[in-house]
Amino acid sequence: MLERLRRPWPDHRAERALGAMSSLVCLCVVAMVGFVALRAWPTFEHQGLSWLGSGGEVDRQIGGMIATSVHPPASAFYVRAWPILYGTLLTTAIALPLGLGLALLSSIFIVELAPARLRRVAIPVIRLLASVPSVIYGLIGVLVLVPFVGNHVITTSEKTSVQNVVQLNGAGLAVAAVILTVMITPIMVALISDALSSVPVAWREGAAALGVNPMRATLAVTVRAARPAIVAAAVLATARALGEAVMLSMVSGSRSFSPKPVDGVIFFFEPLRTLAASIVEFAEGLGAPALRSTIYAFAFLLLFSAFALSVAGYLVKLPLRKYQVRA
Amino acid sequence: MSTFVPQLRANRHARAQRGRRSSLRTWRWGDRLVLLGAWAGGLGLCVLAAAIVTYMGYRGIQYLRPGLLFTRPELSASQSHSGGFLDPLIGTVLLTVIGIVLAFPLAIASAVWIAEYGRPRWLARVVESSIEIVAGTPDIVIAIFGLAVFQLSILAPLSFTASGGGVWGKSFIAAGAMMSLIALPPLFTATRDGLQAVPAHMREAAFALGKTRIATIRRVLLPGVRANVATGVTLGISRIVGDTAIVILLLGSTLHIESQGGMPGVNLLRGTGSTLTSYVYDNSPAGEGNASQKAYAAAFVLLLLVLALNMAVDFIGRKHARSTGLGTGAQI
């Protein structure tokens, strides 16, 4: 038996074995969607899609689920998770444009402006920024930025003005969005600078020959030609921002409070909770069936958006093939 | 993800410099602003990275004592009595080994199959997009999926079982299996890109010598892409080392490594534990520990690990580029 295994494999058998192993990955994805959907089903069954809406305090609703029995009645699944959804969308919506602008500017810097010696330093440094674990970002956020914002940025009068509604201690939208921006920017820099540097140099030269200055040539030709890659980078960064759990659970205040833009400056200091962070925070209560189903429904929502973003990323990358750019 | 080796024309930059110096005054204000912004943004990111490393280094030197690396954590309210982080360190190493051991064959086999066989075409496309989906799935979703799988009563022997007989679904095996999903995409991408970059005449020469496809793969192609595989493994390790969500949900993040059952070795794999990331999380104000000195010290060790892995990726890539002129598919 061993002797037979040691002999060189015939080609067709090797091909089939390798193909079978590759198919295991597809199986994993199918199992992932299946398991999460199955566990989330009771929430969808009892609540339809109305659990995405707003109404009541979601923290209290979820807290009440822990006490329910093994076979909870349909009413135990009652949850209106809009504040959590809103927190997720809000952090992403603030971090993405900030990160995209920063990434675009620093990509132009890396590809067009930086002296060769500086570029050799900048590329590994930005790569390091991308690989710092999220828990370290969270630690810096919760031990440095949150106390700083809480003690020096928020004034006492701002704190007392809302003390009956919410405690402002610094953890909240501003810190969460800033750190999220720092986390998603390097990913976008990688993709965008790749695309910028693969735009044919002759195109830019053509613009320069027409007499525009170098920066205008970059913006009008290079950046324009790399638009699909920029959108693809934004899509990837969105997926990353939506799924960030640990950092956000550390710095976002862990309260399902919807920050209200009408509150003015205080808006940026109000706490929130995101979908991914709530999975981490409520993981302890997964024994309760109603809570478990709700948490898996959150996970299903994240999985669905990751899936949709992956399709979107594929679609926006299609035009890139015209330029034979691999991204 | 893409390769991050901007093939820059050396003269492009020189031209930009010359042009700028001669005519900055004639630029539109918008262009000047973008120029300023680009310099500020690029330098700002570098300064930010330097600041993070410096700050963590400062805190690390302040709080890290060599003894912390070799003493086990203890339950204590005071930071001077709560011990070190030997168990989390062992947990990190153990989890990394399990994750890579599980991911390696799967990733290499898929990469070889996609790059060298890839028939039927539709299945290859499905495999590639499933790996892309796995890469895009948040780690917390992968973690909670793992919890659902390992709480099945059939898989109870693989995980920690509570005294009442309830299946927790938490163990090194469970966490390691899900970690392998995290490590799979970078390993797959690096290997596939390496195989696709091997020139066709290498294969043709091997075929001309009468080698079969699989023999060519084993004797010619895989040795040729060793650097790419090494890069992929390093990237996979740094993903596993840096992941927190899976550890919190699937490893239990217990204070000590708890073993389960009597068989040595297996009992460890079935047991629960913690890693550096979960240790940092638990000791931060977000967790219960609230021992920020210990959190800083452990985070410093974690950052050093990540830095070392980053340097390893750079080193492998540079060495490989010097010898072959090809990239290793190192991602940013």
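**Exercise 1. Describe the make-up of chain B in this predicted model.**

Step 1. Chain B holds 13 helices and 2 strands. The model is a predicted one.

Step 2. Burial comes next: 50% of the 332 residues of chain B count as buried.

Step 3. Consider the contacts in chain B with a separation of 6 or more: 70% of them join residues 24 or more positions apart.

**Exercise 2. Find which residues of helix α8 of chain B are buried, and state what covers them.**

Step 1. Helix α8 of chain B spans residues 213-224, and its buried residues include B:Ile214, B:Thr216 and B:Ile217. A residue counts as buried when 20 or more other C-beta atoms lie within 10 Å of its own.

Step 2. These residues lie on the same side of α8(B), because the arc they cover around the axis is only 130°.

Step 3. The cover over the buried residues of α8(B) includes α2 (11-47) of chain A, and from chain B α3 (86-117) and α7 (200-208).

**Exercise 3. Classify the packing of helices α3 and α14 of chain A.**

Step 1. In chain A, helix α3 covers residues 58-66 and helix α14 covers residues 289-317. Their axes are 6 Å apart and meet at an angle of about 135°.

Step 2. Angles over 145 degrees count as roughly antiparallel and those from 65 to 115 as roughly perpendicular. The angle fits neither class, and α3(A) and α14(A) are therefore oblique to each other.

Step 3. On the α3(A) side, A:Ile62, A:Met65 and A:Ile66 make the contact; on the α14(A) side, A:Ala290, A:Leu291 and A:Thr294 do so.

Step 4. Sorted by class, this contact has 5 nonpolar residues, 1 polar residue and no charged ones.

**Exercise 4. Identify the residues of the largest nonpolar core that touch the most other members, and follow one of them.**

Step 1. The core has 206 residues, and those touching the most other members are A:Met188, A:Ile192, A:Ala233, A:Ile279, A:Ala299, B:Ile144 and B:Ala299.

Step 2. The helix that gives the most to this core is α8 of chain A (residues 173-197), with 18 residues.

Step 3. Take B:Ala299. Leaving aside residues up to four places away in sequence, B:Ala299 touches A:Ile136 and A:Leu139 in chain A, and B:Met56 and B:Val280 in chain B.

**Exercise 5. Break down the contact between chains A and B.**

Step 1. Chain A puts 84 residues into the contact and chain B 81.

Step 2. On the chain A side, the largest share comes from α2(A), with 17 residues.

Step 3. By class, the chain A side has 62 nonpolar, 14 polar and 8 charged residues.

Terms used. Residues numbered from 1 in each chain as written. Chains lettered and ligands numbered in written order. Predicted model: local features only at pLDDT ≥ 70, side-chain atom pairs only at ≥ 80, totals over all residues. Buried ≥ 20, exposed ≤ 12 C-beta atoms within 10 Å, placed from the backbone. Helix = DSSP H or I, 4+ residues; strand = E, 2+ residues; numbered from the N terminus. Arc of directions from axis to C-beta. Contact = placed C-beta atoms within 7 Å. Axes fitted to C-alpha atoms, helices over the stretch in contact; angles between N-to-C directions. Parallel < 35°, antiparallel > 145°, perpendicular 65-115°, else oblique. Nonpolar A, V, L, I, M, F, W, Y, C, P; charged D, E, K, R; others polar. Core = buried A, V, L, I, M, F, W, Y, C linked by C-beta atoms within 7 Å.
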